[in-house]
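Student: Please take a close look at one residue in this model and set it against the chain as a whole. I would like a single connected account.

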Amino acid sequence: MALSVPPGTRWAGDRPAVPSPGFAPAGARRRGELPSVHNALICVALPGLAVSPEHGQLTGQGFDGYYQSGRRLLSRCHVRVSGREPVAVRGGLIAAGRARFVAVVRLPGAPGPDPELVVERLRSAEGTERITLRSASDRVLRVPVEIALGTDLAFLGAVAAGSPGPELPAGVHGAGLRWTGAGFHSVVTADPPPEDALAATGLLRWDLELPPGSSRDIELRIRTDASSRPAGPLLGGALSPASADGDDPRARALLRTSLDDLRAMLVRDPGHPADIYPVAGVPWRCGFAPAEVLWTARMTLPLGTRLAAAALRRLARTQLEGGGPEAGSIPGPLRDAGPHLPPSCTGVEATLLFPVLLAEARRWGLPDREVAGFLPAAERCLAWLRASANGESLLGEPGAGGLQRAETQAHAYRAAVLSAELLDECGRPGGDSWREWAARLRSAFRQAFWIEDRTGGRPAAARTADGRLVPHLGAGAAHLLDTGLLGGGRFAEGLLDKVSTEQLARLLGSPAMDSGWGLRSLGARERGHNPFGHRGGAVRLHETALAVAGLAASGFEKEACSLLSGALAAAEAFGYRLPEMYAGVQRTEGSVPLPHPAACRPAAVSAAAGIHLLASLAGIRPDVPSGTVALRPMSSAPLGAIQLSGLSVAGEPFSVRVSRLGLGMVEEAAAGLQLGS
């Protein structure tokens, strides 16, 4: 069995390529090293980005600047007022694509120590900046304003490598400046036009007069003639306008920010511009990552099925054809798997997620005609699975010496169980065969992957070709609890029996795995644990959200609520824009979660996981084909009363309320949709 990785494909967990250490230019970074972006304010409205320090001045150093489609259009935007540097007092994001910076200036001749002038800058990832000067003086202020501009027109990868190249010479262009390099150019125009424009220094100058209490605006527009088609203005119903309200205000903020970030990360499929998908993460992973697109679409099904349909269409077009061992698989890049396992192929994960997303999207209301169109691709995924697994239905990984990962078996089992019911209900053959196949896998997994010990045992992370078990416990075990949604609001039976599920719940809720900020990707007691390790100990919210939902569905609310509490505390500390990972250090009184310096923020799966966490509180289990929706809310109501409004079931608005007693009530639903048992 083999599964190819397309030439030139980057690892899903990879970062921009950097020069080899032996040939790095002066100031360049070593291979794998990235600029620290955890303190950066990143405005996102793809294909546009604006990366800023907290003080708001773009100095031409580091990673800061305005970017479009990966190219830096402006790296320097430095404001001086009356020859002085404004004193920054506040900077922060006000939306996914906008940031606000406030500074003050004490002008020469001021009668006292207090600043007389407030300088506010509103920066947008779409390529605009409005600079407002507000007078707090009782005298007329005559204020010279200078804005120094510059750019290198470097690509993001070169900036990340520390070798962006020199700043380019500017030329005066209308009411601003223009830079040209390598057949590309950038233009900044100002309104009102500057009184002086000095190309040699990249300087625009104004002499402004401000009567007492008045204000003046200067607006900059950064653009290029290169065409781009942002997804944002034409999103339509891709993600429903959901909102949360209730006793805990963090739920409202988390849902609002997660939804805002997801919308900002949507881009068009270049070959099929009617389809949109989320990039994996900003700033390093602004590309298509098959498995992460599927996870994002799956966790956002409460917001509608349009994103799922677009993901399925895109991946069906990439599915490998022919009669070889790879036929039916979906290609995907390699991904780091931590200190104890070789890199995994995300193509395997994507191939197994495809039929799962299709089956669950149908439960949420994906129209029958679209389901029918995707069934042939789903059946090809299943054919690849059957051909690639061994006689016990255990699935090895390509290029890993026959290594069988526990989470891969969970993906395969989920695909088989959900597909069996999907095929039956759609009048296709093979349902009984896949149920038998899943039963063999369940039996083989329980015998081959469970490690008995004096503490109650644990699932192995993997099994080598010669039968040796890799015993290390990590967050990948949470996939064993993510069994998938069947008809009638039922969750499928898992790979583990009741006793082993209870033991796994205890392990995931232990201090070794639950950091107090979320689930560690590798347990704190495991050899090689590193709290900043990508999959060696850092917290990845995606896995935490799967664990919360799986634990709650299995009846282990104590452990689920502890992980949920930690994730919400981390979300609050990160301003509700959760990074792709953060340090798995133990939470203590008065502590805060530590960011990973190079983590993408925002990241699609983290934003989607925030939505998944909140949906898990209500336990929404729709079965649109049968006209029912069941509610299984957390009976302990860990956030008190909560209402989720503006969700989407059967393509219509859906709202649900959970009381402080943990009772769920449907507030709004599509006509004809009945509350199931």
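Tutor: A residue is called buried when its relative accessible area is under 20%, with a 1.4 Å probe and only protein chains considered. By that cut-off, buried residues make up 58% of the 677 residues in the protein chain. The model is a predicted one.

The residue to look at is Ser648. Its relative accessible area is 12%, and because the cut-off for buried is under 20%, Ser648 counts as buried. Ser648 sits in strand β30, which runs over residues 642-649. Once neighbours within four places in sequence are set aside, the contacts of Ser648 are Ser240, Leu301, Pro302, Leu303, Gly304, Trp364 and Phe654.

Now the chain around this residue. The secondary structure of the protein chain consists of 12 helices and 33 strands, β30 being the strand that holds Ser648. Of the contacts in the chain with a separation of 6 or more, 64% join residues 24 or more positions apart.

As for overall dimensions, the C-alpha trace spans about 85 × 60 × 50 Å along its principal axes. The radius of gyration is 27 Å, which agrees with the value near 26 Å for a compact globule of 677 residues.

The surface and charges complete the account. The protein chain exposes about 25,800 Å², and carbon and sulfur atoms supply 51% of that area. There are 70 positive and 65 negative side chains, and the centres of the two sets lie 2 Å apart.

Conventions:
Residues numbered from 1 in each chain as written. Predicted model: local features only at pLDDT ≥ 70, side-chain atom pairs only at ≥ 80, totals over all residues. Heavy atoms only, no water. Helix = DSSP H or I, 4+ residues; strand = E, 2+ residues; numbered from the N terminus. Buried < 20%, exposed > 50% of the residue type's maximum accessible area, 1.4 Å probe, protein only. Contact = heavy atoms within 4.5 Å. Rg over C-alpha atoms; globule rule 2.2 N^0.38 Å. Areas by Shrake-Rupley, 256 points an atom, 1.4 Å probe, with all protein chains shown as cover. Lys, Arg positive; Asp, Glu negative; His and termini not counted. Charge placed at Lys NZ, Arg CZ, Asp CG, Glu CD.
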